[in-house]
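Visitor: Could you take me on a close look at one part of this model, the sheet with antiparallel pairing in chain B, and then show me what else is around? I would like to follow it strand by strand.

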There are 2 protein chains.
Amino acid sequence: MTGVPRQTPVDGPTVAVVGGGQLARMMQQAAIALGVPLRLLAEASDVSAAQVIPDAQVGAASDLDAVRRVADGCAVLTFDHEHVSTEHLRTLAAEGVACRPGPSALVHAQDKAVMRRRLASLDVPCPRWRIVESEADLNAAAEALGGYPLVLKTTRGGYDGRGVWVVESAAQSQRAFVAAGIAGVEILAEERVDFVRELACVVARSPSGQTAAYPVVESVQRDGICHEVVAPAPGLGEDLAVRAQRIALRVAGELDVTGVLAVEMFETRDGRVLVNELAMRPHNSGHWSIDGAVTSQFENHLRAVLDLPLGSARARAQWTVMVNVLGGDVERLYDGYLHVYARDPGIKVHLYGKSVRPGRKVGHVTAHGDDLEQVRARARHAAGWFAGTEDEEDGQ
Amino acid sequence: MTGVPRQTPVDGPTVAVVGGGQLARMMQQAAIALGVPLRLLAEASDVSAAQVIPDAQVGAASDLDAVRRVADGCAVLTFDHEHVSTEHLRTLAAEGVACRPGPSALVHAQDKAVMRRRLASLDVPCPRWRIVESEADLNAAAEALGGYPLVLKTTRGGYDGRGVWVVESAAQSQRAFVAAGIAGVEILAEERVDFVRELACVVARSPSGQTAAYPVVESVQRDGICHEVVAPAPGLGEDLAVRAQRIALRVAGELDVTGVLAVEMFETRDGRVLVNELAMRPHNSGHWSIDGAVTSQFENHLRAVLDLPLGSARARAQWTVMVNVLGGDVERLYDGYLHVYARDPGIKVHLYGKSVRPGRKVGHVTAHGDDLEQVRARARHAAGWFAGTEDEEDGQ
């Protein structure tokens, strides 16, 4: 009797979500409290979010009809990922579907060339950049951008370090151009910023224009993948924190973003913040907020796309550290609980129901407290234990 | 394509839950983080928990075959309510189903006569009580219990104030005996305790015997229904708090409870705590823990029944106040968000997806902070707004 037909619930609008990853899964936790039903367009019947959302349809985000079907009868359409055609979204918007964020905003998180041009026109501080057509353009670009190394990025389709190359010379750029050629996209060349660290600022914005800004966090990347987040960013001056939040809020407003916007930034050695990437959905740099903020980014994303007043983005502890659980040697993550929970009754674990593959994000852990070094060590130990990289003696 | 068949997830055991109310619904939020799938036996396809748990079967908790089917292949069987036959659970236990709590424990939350006899044998402080067979017994019972008024309770089947009568004389007891006669149960007569207030202590206990005790809370009842909970109980002396927690932990241990046990108590004018009721599942007096404790009672219930190490039951704020949202004049609860969220960005709202009926528990709200009076006013205002009993001027 699994899969009995459900009636529409008694109260509130339904939110359609494109994409069945862990972001949609964590949205469901917030949706349960709100009493707001989600309807999912999932890649397959057993993906992360489809395990926990009864009203799931299987279909591709690239299939206009599938997206149209999932949106039908829902109050709004939102996203677990950005891999949805701008053209399809414009079609749906013209048909009356409330896409949040809308196609004109979302394109800035889909196409890095569009994003760079727009941010430049707004005088938002960014790394120096050029669109390059071919290997032959590269030396000229390097000269304009302050020389090699350069960071090359496909303008569309990259994420979690994919579609990004650091090159020391034009000769090293061949793979990037082959990849871009296959994908039919341009190459964005950027100066390699001499940064102290990476920061991120998550904000939520509603169609009415209300905004909420989370504390600026430090984001530690490994191999291009967000690995560890410390909230708030340790030792960040008030001035720089305010500047980073203002940039994120300004981008959200100018681009008419609805829902959560994550702005990844570089903190440079000479005291500037430069915008690196944009994401228009709940973001890994905001996962700490589930256990660490008054309102999680997932709840505020839903409240924003529904145009409900936003919740407080204030941190609940002095320090909150989130560490991703990456797939490693441990095949059955569940067994890790026996050690991790026994060792640390205060640790919060989130496993995504995904099968373990090396380097795949399969969960995250969060610790909070007053002593940053202890909090960080606890979170690292727990995440490492699930990944199979941590012994009992480590991380104490 | 709603209701596509789901594969069993890649990791971890499945927990079967009997009953599709808000407790099972809130268990799902914890289960999502744990990566533990729930399988639900729901009263109907659209009840509160069935709206958010994909693997739901429709059937009656009184139907042995339905319970057997939902338990099949699950690691453990647990409960959203206590209305499951002890005999059925003994049958299932004999067939190898891990019922948590087990039938021998659960019967103490199902049958108040069994509970009183057992607690008496353990010298756990309780109100004075007698089982009465008929109206004719009542005057003798009143004499033994210190006179009228007496509290009469059907030994089985009562909850939220149903099956409870306060009588001033034998003549007033007719309805109680009629109800008990129809239900085929006994009547428990208890002294009416001269209490200062009601307290509750929620504890979790695992099959291995590990326990975690939440702070003792003050529980404010209205018409026999838990209405407001303040965590921790204001002004409760350390001595009495420890005594209340020890009682709850001792009951959990002696009765071999697995999962969450809620012990409702009276604080008497002469400084004693007396056990009023037991519940062996997450309980209304523990809802504050979702937003107010390091580990919610729902997460600890699941961790306990799975015999995983328990999480910290520590409060995260100085004061957390939970107020139930009861059905009132407002038909579409969702619309209340516009006011409630705009007025108080720190309020946490939980709506259960239930249709509004007068007095029905349809949600709860939680506020936390340092100033008890402010926190209480915020929670009362929000809950009252959803119930339609609060104007904008109230509760400021």
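Guide: Let's start with a single pair of residues: B:Lys153 has B:Leu188 of E8(B) as its bridge partner. Please keep in mind that this is a predicted model. That pair belongs to the ladder between strand E6 (residues 150–154) and strand E8 (residues 187–191) of chain B, which run antiparallel and are joined by five bridges.

Step back a little, and the whole sheet comes into view. It is an open sheet of four strands in chain B, with the order E5-E8-E6-E7 and antiparallel pairing. At its edges stand strand E5 (129–132) and strand E7 (164–167) of chain B; each has a single partner strand, so one side of each is left without a neighbour in the sheet. On average, and ignoring direction, neighbouring strands here are turned by 25° against each other.

Two helices pack on this sheet. Helix H5 (residues 112–121) of chain B touches E5, E6 and E8 of chain B, and its direction makes about 50° with that of E8(B). Helix H6 (residues 135–144) of chain B also touches E5, E6 and E8 of chain B, with a direction that makes about 170° with that of E5(B).

For a contrast in pairing, turn to chain A. There you will find an open sheet of four strands in the order E3-E2-E1-E4, with parallel pairing. Strand E3 (56–58) and strand E4 (76–79) of chain A are at the edges with a single partner strand each, so one side of each has no neighbour in the sheet. Neighbouring strands of this sheet are turned by 20° against each other on average, direction ignored. Strand E2 (residues 38–42) of chain A pairs with E3(A) in the parallel sense over three bridges. Within E3(A), A:Val58 stands opposite A:Ala42.

As for the domains of chain A, the assignment gives domain 1 (15–99), domain 2 (128–191) and domain 3 (195–387). Between the C-alpha centres of domain 2 and domain 3 of chain A there are 28 Å.

Now look at how the two chains meet. The contact takes 53 residues from chain A and 53 residues from chain B. On the side of chain B that touches chain A, helix H1 (22–34), strand E3 (56–58), helix H11 (336–343) and strand E16 (348–351) of chain B each supply at least two residues. H1(B) gives the most, with six residues. By class, this side of chain B has 28 nonpolar, 16 polar and nine charged residues.

The copies are neatly related, too. A turn of 180° and a shift of 0.0 Å along the axis lay chain B on chain A with an RMSD of 0.0 Å. The two copies are thus related as by a two-fold rotation axis. Of the interface residues of chain B, 100% are also interface residues in chain A, so the copies meet through the same surface.

H1(B) has a contact inside its own chain as well. Its axis and that of helix H10 (residues 297–305) of chain B come within 8 Å and cross at roughly 65°, and the crossing is right-handed. From H1(B) come B:Met26, B:Met27, B:Gln29, B:Ala30, B:Ala31 and B:Leu34, and from H10(B) come B:Phe298, B:Glu299, B:His301 and B:Leu302. The residues of this contact divide into seven nonpolar, two polar and one charged.

How values were computed: Residues are numbered from 1 along each chain as its sequence is written. Chains are lettered from A and ligands numbered from 1 in the order in which they are written. This is a predicted model: local features need pLDDT of at least 70, side-chain atom pairs count only at pLDDT 80 or more; totals for chains, interfaces and linings use all residues. Two residues are in contact if their C-beta atoms, placed from the backbone, lie within 7 Å. Ala, Val, Leu, Ile, Met, Phe, Trp, Tyr, Cys and Pro count as nonpolar, Asp, Glu, Lys and Arg as charged, and the others, Gly among them, as polar. Axes are lines fitted to C-alpha atoms, for helices over the stretch in contact, and angles run from 0 to 180 degrees between N-to-C directions. A crossing is left-handed if the near helix is turned anticlockwise from the far one by less than a right angle, and right-handed if clockwise. Domain bounds come from an automatic or database domain assignment. Two strands pair if DSSP finds at least two bridges between them. Copies are superposed by least squares on the C-alpha atoms of residues with pLDDT of at least 70 in both.
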